[in-house]
Amino acid sequence: MTPQPATTPPELKAQARELNFHYGAFHALKNISLPVYNEKITALIGPSGCGKSTFLRCFNRMHDLYPDNRYGGEIRLFPDDVNLLSPDVDPIEVRMRVSMVFQKPNPFPKSIFENAAYGLRVRGINKKAELEEKVETALVNAALWNEVKDRLQEPAFNLSGGQQQRLCIARALAIDPELVLFDEPTSALDPIATASIEELMLELKEKVSILIVTHNMQQAARVSNNTAFLFEGDLIEYGLTKELFVKPHNKQTEDYITGRFG
Amino acid sequence: MKSSHPRARKRRIKEGLIETGLLAAACSSVAITFAILYILVKESLNFFAEVPLFDFLTDTQWTPLFDDAHFGIITLISGTVTTTLVALSVAVPLGLTIAIYISEFASPRLRETIKPILEILGAVPTVVFGYFALIVVTPLLQKIYPDLPGFNMLSAGLVMGIMIVPYISSVSEDAMRAVPMHLREGAFAMGATRLRTALTVVVPAAFSGLAAALTLGCSRAVGETMVVAVAAGMQPNLTMNPLQPAATISSFIVQVSLGDLPHDSIGYKTIFAAGLTLLLITLVFNVIGFWLRQKFREEY
């Protein structure tokens, strides 16, 4: 038997380097450098307006949809080490690899099946058998299949809020993304639906890398491997979740996670 | 302060007067609508006392002013339906395309430039459109179809279509802009292009508003008078061929109203029956539109 190394260094999925972001004159992100590891959950925490959602939305170039947004720096996506923020990179190509789940469930005005199949159709997959197979896999992975398998043709709006959010997760998973961004995915849900989504994220990290923004520190503590604390556009502290929550190095981090502000 | 204080009493009286005034203003429009309905129905009943309803609905000629009078409303309806269909075949694709462009593609600056221009198009008097159809569009069409008569439904319908484009595009654009941004972002995040997002997410999400735009356009086209009166000819003609001249319900009413028919003649009474028919047709469109809005309304 060959000796195994005690700890395998975690593999990088993405690396932000000196990321700066401006909304008009407002400097929303200041020189942020942060790694995102493969098959791990990285959580971004911080009070409202700290820039965590802004940071997340850089990863799929969502900011390109709006004028007056400027950004600089790099986000390298591995294994091919491509800079997602480069002007030469088509934002649509970025979104083909990095998918996103939003704060509020946003199913499209279509059937359950067509919602889950949306990204596949965008990618030119229109064969019925292939669509059916991938939609089923995605719905199984999003823990929704058993609830909807007999009513795939019903409008997605008939589902409950928690089911709609899991459908949005299925939609994001169907395209086999390399990285999934979650922008406060449970903030519009009740505690039971929240618990099922958290459970789901823990299963998903076996397959994909996850970057999640959350308002809820317990959530970050429960699901994530690594946590970054942002405050007023600065990255204050980053580390293993179990260390950051137990023994924060920074006074501001400590104040925030103990609920003294935020 | 006691409520019997003179100042309080004065205020209450003043408020009461204002409220009554506002109520009267609100009631007046309802009252006028009912008055119109009353006149239309009453005069139509006089008409149907002389002309059986069956003949009105099934006769294939409309010659109320001739000695051998016929009262087949279907002749006028064919003209109304044909010009409306021609108009909608122009207005719906063009109006929707413009709405999609303004709502989903145009920069804010461009949008603020295009919208007022479109609204000016909606403010051009319809009689001007009528002459535009007769003097410009018909001669152009005659270069393609040399046999086209000087008065025809095609030219009138096309121009009427251009005329209602601003109505359709403006209501549609409002409906599409009301679709919440997070729905669009969902589609963009999946890698959809702007066009795909517009067609597969925004348009279905705005469907109830688009249905409203469509019914508004229909009602406008059905009731439109001057363009068809000027450019489509006023001969009643039972045909659905847009290359033919024909009279519509509205243009017939204009024709008779402008003439000097005695008030108790049957010819005079026909305009009320025709007017009632027109009202019923637009009512049907409005009911369909209302139903579509209810059925497809989505809450986000």
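Begin by selecting residues 179-183 and 209-213 of chain A: these are strands β7 and β8, which run parallel and are joined by 5 bridges. Within this pair, pick out Val180(A), whose bridge partner in β8(A) is Ile210(A). Please keep in mind throughout that this is a predicted model.

Next, widen the selection to the whole sheet of chain A, an open one in which 6 strands follow the order β6-β7-β8-β3-β9-β10 with mixed pairing. Its edges are β6 (98-101) and β10 (234-240) of chain A, each of which pairs on one side only. If you look from strand to strand, neighbours in this sheet are turned against each other by 20 degrees on average, with direction ignored.

Now add residues 161-173 of chain A, which make up helix α6; this helix lies across β6 and β7 of chain A and runs at about 175 degrees to β6(A).

From there, turn to the place where chains A and B meet, a contact that takes 19 residues from chain A and 16 residues from chain B. On the side of chain A, the elements to highlight are α2 (91-97), β6 and α3 (112-122), which give two or more residues each. Coloured by residue class, that side of chain A shows 11 nonpolar, 4 polar and 4 charged residues.

Finally, move to chain B and select 6-50 as domain 1 and 73-296 as domain 2, following the domain assignment. The C-alpha centres of these two domains of chain B lie 32 Å apart, and their contact takes 7 residues from domain 1 and 8 residues from domain 2. The side of domain 1 of chain B that touches domain 2 divides into 3 nonpolar, 2 polar and 2 charged residues.

How values were computed: Residues are numbered from 1 along each chain as its sequence is written. Chains are lettered from A and ligands numbered from 1 in the order in which they are written. This is a predicted model: local features need pLDDT of at least 70, side-chain atom pairs count only at pLDDT 80 or more; totals for chains, interfaces and linings use all residues. Two strands pair if DSSP finds at least two bridges between them. Helices (H or I, at least four residues) and strands (E, at least two) are DSSP runs, numbered from the N terminus. Axes are lines fitted to C-alpha atoms, for helices over the stretch in contact, and angles run from 0 to 180 degrees between N-to-C directions. Two residues are in contact if their C-beta atoms, placed from the backbone, lie within 7 Å. Ala, Val, Leu, Ile, Met, Phe, Trp, Tyr, Cys and Pro count as nonpolar, Asp, Glu, Lys and Arg as charged, and the others, Gly among them, as polar. Domain bounds come from an automatic or database domain assignment.
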